[in-house]
Amino acid sequence: MKNKTQDLRYRKTDQKIRQVFVTLLRSVGYPKITVSLIIKHAAINRSTFYDHYLDKEDLMSQLQLTFIENLTLNLPELNVAAVSNQELINHRIDTLIERLYAERETIRLYLSDRSDGRFTERLTSFAQQLFVQTDIVGELIVPEKYAISAVSGVMLNLIVTWIQADFHESPAEFSNIVNTIAPNLFKIMLK
């Protein structure tokens with residue numbers, strides 16, 4: 001028996017729900033979106049929506065988490081050895097910055113007042129989970145919670161500042177800025 005998420009019809013309907021939701025997010029904003037509005041524009045019934053999502057909050061969360069996961073998909077692994085490999089770190093950062101830039105309209109939307117205001121929280125939480133899964137945690141000279149806070153806070157603030165500056169620097173210029181700061185931040189916290 002097929003899993004629902006492997007079913008083509010299920011996936012197409014899910015994609016349609018997500019597309020309609022993003023369109024509504026852009027046009028009316030998150031506070032004005034209701035499940036009724038989503039199902040009307042997606043031309044589905046209520047039970048179909050609830051077969052996919054618990055509510056609009058779940059849909060927004062899943063949409064943003066999928067987006068964040070795709071930004072970090074197949075990036076070079078971050079570990080203690082990688083922190084010393086400037087070429088690897090540069091590649092990781094360059095790839096992430098290029099992806100952010102390619103998705104700049106979606107990121108602007110998620111950071112705007114048209115969204116639910118939780119994108120940075122989700123991005124920070126995701127980054128913290130990735131950090132905890134590395135071997136870097138065992139090599140820290142500062143408590144883990146402060147190291148995670150420092151790294152995720154600095155990276156997120158750099159990215160948000162770049163976005164708020166309307167991507168003033170090119171992706172290559174911004175990558176150079178991040179490549180100057182991020183590896184050194186890791187290095188000062190390691191044994």
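**View 1. The largest cavity of the predicted model.** The volume is about 530 Å³. A lining of 25 residues surrounds this space. Closest to the cavity centre are Arg92, Leu96, Ala127, Val151 and Met155.

**View 2. Helices around the largest cavity.** Five helices are named here, and each supplies at least two lining residues. They are H4 (56–72), H6 (86–102), H8 (119–132), H9 (144–164) and H10 (171–189).

**View 3. Residue classes in the lining of the largest cavity.** Nonpolar residues number 21. Three lining residues are polar. One is charged. Arg counts as charged, and Arg92 belongs to this lining, so Arg92 is that one charged residue.

**View 4. The second largest cavity.** A search of the whole structure finds two cavities of 30 Å³ or more. The second largest holds about 40 Å³ of space. Its lining consists of Leu71, Leu100, Ile107, Leu111, Phe119, Leu123, Leu156, Ile159, Val160 and Ile163. The lining residues divide into ten nonpolar, no polar and no charged.

**View 5. Helices around the second largest cavity.** Helix H7 (104–111), H8 and H9 each give at least two residues to this lining. H9 gives the most, with four residues. Leu156, Ile159, Val160 and Ile163 of the lining fall within the H9 range, 144–164.

**View 6. H8 and H9 beside both cavities.** H8 and H9 each supply at least two residues to the lining of the largest cavity. H8 and H9 also each supply at least two to the lining of the second largest cavity.

Note on methods. Residues are numbered from 1 along each chain as its sequence is written. This is a predicted model: local features need pLDDT of at least 70, side-chain atom pairs count only at pLDDT 80 or more; totals for chains, interfaces and linings use all residues. Side-chain values use heavy atoms; hydrogens and water are left out. On a 1 Å grid over the protein atoms alone, a cavity is a set of points where a 1.4 Å probe fits but cannot get out, and a pocket is an open set with protein on both sides within 12 Å along at least five of seven lines; lining residues have an atom within 4 Å of a point. Grid points are joined across faces, edges and corners, and a volume is the space filled by probe spheres set on the points.
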